[in-house]
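The exercises below lead a newcomer through a protein model, from its sheet to its cores and its backbone. Each task is followed by a solution in steps.

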Amino acid sequence: MTQRVLVVDDDRTVSDVVCRYLEHAGYDVTHVGDGVSALAAVATEPPHLVVLDLMLPGVDGLEVCRRLRARPDGVPIIMLTARGDEADRILGLQLGADDYLGKPFSPRELVLRVRSVLRRTGGEPVTAPPDVLRDSALVVETGPRVARLHGTELTLTVREFDLLVHLMRHPMRAFRRAELLERVWGWSFGDQSTVTVHVRRLREKVEADPANPRRIVTVWGVGYRYEPGDA
């Protein structure tokens, strides 16, 4: 099945290039130029991924991201931004964006990022039995990509799920942020605050007290470590 990508950008020059590269890579691409149209398009036919510009007329990209994250389907989002302020990028990640690229960017890199995110959504056929990870009341099934805490399904973004799985598969091992960026995001370089933001969001969902985490703990001067046990 051809995967559908929705491109949301009011800059026609940028969107034409992005759509052309994505179509050449084999994706079914739809383009809209504002936030209201983006929300309507997702409601009509949910795409497999949204490429979302931050600066849009009317409803801006951050608000679109917030509303998409309120949906139960958890459509992956790659955010595009011309803003140089790190705070805007971090806010986008906090709202649930799975990845981001700053303008100007390489269309080829965007295609690679799209492939990377979609690969992590579980769209590829599963040939082996689901891998089930358990930590007391936290149960993660990697096949269907479902995580439950005390029997309640958690709403996790693509990156949050992948980060949780990676940490749970390597309990008691301390990872530097650069290592997590490479192993979970597939980036050999990038803004390591991305990892910090995702860890913070993940703690809010899997920890009884996010301010005093028992599962995903900080290893000062190093990074993070997963400690199994009752939470």
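Helices (H or I, at least four residues) and strands (E, at least two) are DSSP runs, numbered from the N terminus. The model is predicted, so local features need pLDDT of at least 70 and side-chain atom pairs count only at pLDDT 80 or more, while totals for chains, interfaces and linings use all residues. Residues are numbered from 1 along each chain as its sequence is written, and side-chain values use heavy atoms, with hydrogens and water left out.

**Exercise 1. Describe the open sheet of five strands and the helices that lie across its strands.**

Step 1. Two strands pair if DSSP finds at least two bridges between them. In general, strands of a sheet pair through backbone hydrogen bonds, either parallel or antiparallel. Here the order is S2-S1-S3-S4-S5, and the pairing is parallel.

Step 2. The edges are held by strand S2 (28-32) and strand S5 (99-102); each has a single partner strand, so one side of each is left without a neighbour in the sheet.

Step 3. Inside the sheet, strand S3 (residues 49-53) and strand S4 (residues 77-81) run parallel and are joined by four bridges. Val-50 has Ile-77 as its bridge partner in S4.

Step 4. Axes are lines fitted to C-alpha atoms, for helices over the stretch in contact (heavy atoms within 4.5 Å). Angles run from 0 to 180 degrees between N-to-C directions. With direction ignored, neighbouring strands of the sheet are turned by 15° against each other on average.

Step 5. Helix H2 (residues 35-44) lies across strand S1 (4-8), S2 and S3, and runs at about 165° to S1. Helix H5 (residues 107-119) lies across S1, S3, S4 and S5, at about 175° to S5.

**Exercise 2. Determine the surroundings of Asp-99: is this residue buried or exposed, and which side chains make polar contacts with its own?**

Step 1. Asp-99 is found in strand S5.

Step 2. Buried means under 20% relative accessible area, exposed over 50%, and partly exposed in between (1.4 Å probe, protein chains only). Asp-99 counts as buried because its relative accessibility is 1%.

Step 3. A polar contact is a pair of N or O atoms within 3.5 Å; within protein, one must be able to donate a hydrogen and the other to accept it, and residues adjacent in sequence count only if both atoms are side-chain atoms. The Asp-99 side chain makes such a contact with the side chain of Arg-113 at 3.0 Å, and another with the side chain of Arg-159 at 3.2 Å.

Step 4. Beyond its neighbours within four places in sequence, Asp-99 is in contact with several residues, including Ile-78, Met-79, Val-117 and Trp-187.

**Exercise 3. Locate the largest nonpolar core and state which helix gives it the largest share.**

Step 1. A nonpolar core is a set of buried Ala, Val, Leu, Ile, Met, Phe, Trp, Tyr and Cys residues joined through side-chain atoms within 4.5 Å. The largest one has 26 residues, and Leu-138, Val-140, Leu-163 and Leu-164 have the most contacts inside it.

Step 2. At least two residues of this core come from each of strand S7 (138-141), strand S8 (146-149), helix H6 (158-169), helix H7 (177-185), helix H8 (193-206) and strand S12 (223-226). The largest share, six residues, is that of H6.

Step 3. Apart from this core lies another, of 23 residues, among them Val-32, Ala-38, Leu-54 and Val-197.

**Exercise 4. Explain why Cys-19 and Cys-65 are not bonded to each other.**

Step 1. A disulfide is a pair of cysteine sulfur atoms within 2.5 Å. The sulfur of Cys-19 has its closest cysteine sulfur in Cys-65, 19 Å away, which is too far for a bond.

Step 2. By this rule the count of disulfides is zero. Cys-19 is buried at a relative accessible area of 11%, and Cys-65 is buried at 1%.

**Exercise 5. Identify a cis peptide bond and two residues with positive phi.**

Step 1. Most residues other than glycine have a negative phi, and most peptide bonds are trans.

Step 2. The peptide bond from Lys-103 to Pro-104 is cis, with omega near -5°. Pro-104 sits in the loop between S5 and H5.

Step 3. His-150 has a positive phi, near 55°; this residue belongs to the loop between S8 and strand S9 (152-153) and is exposed, with a relative accessible area of 63%.

Step 4. Met-172 has a phi near 70°, also positive, and its place is in the loop between H6 and strand S10 (174-176).
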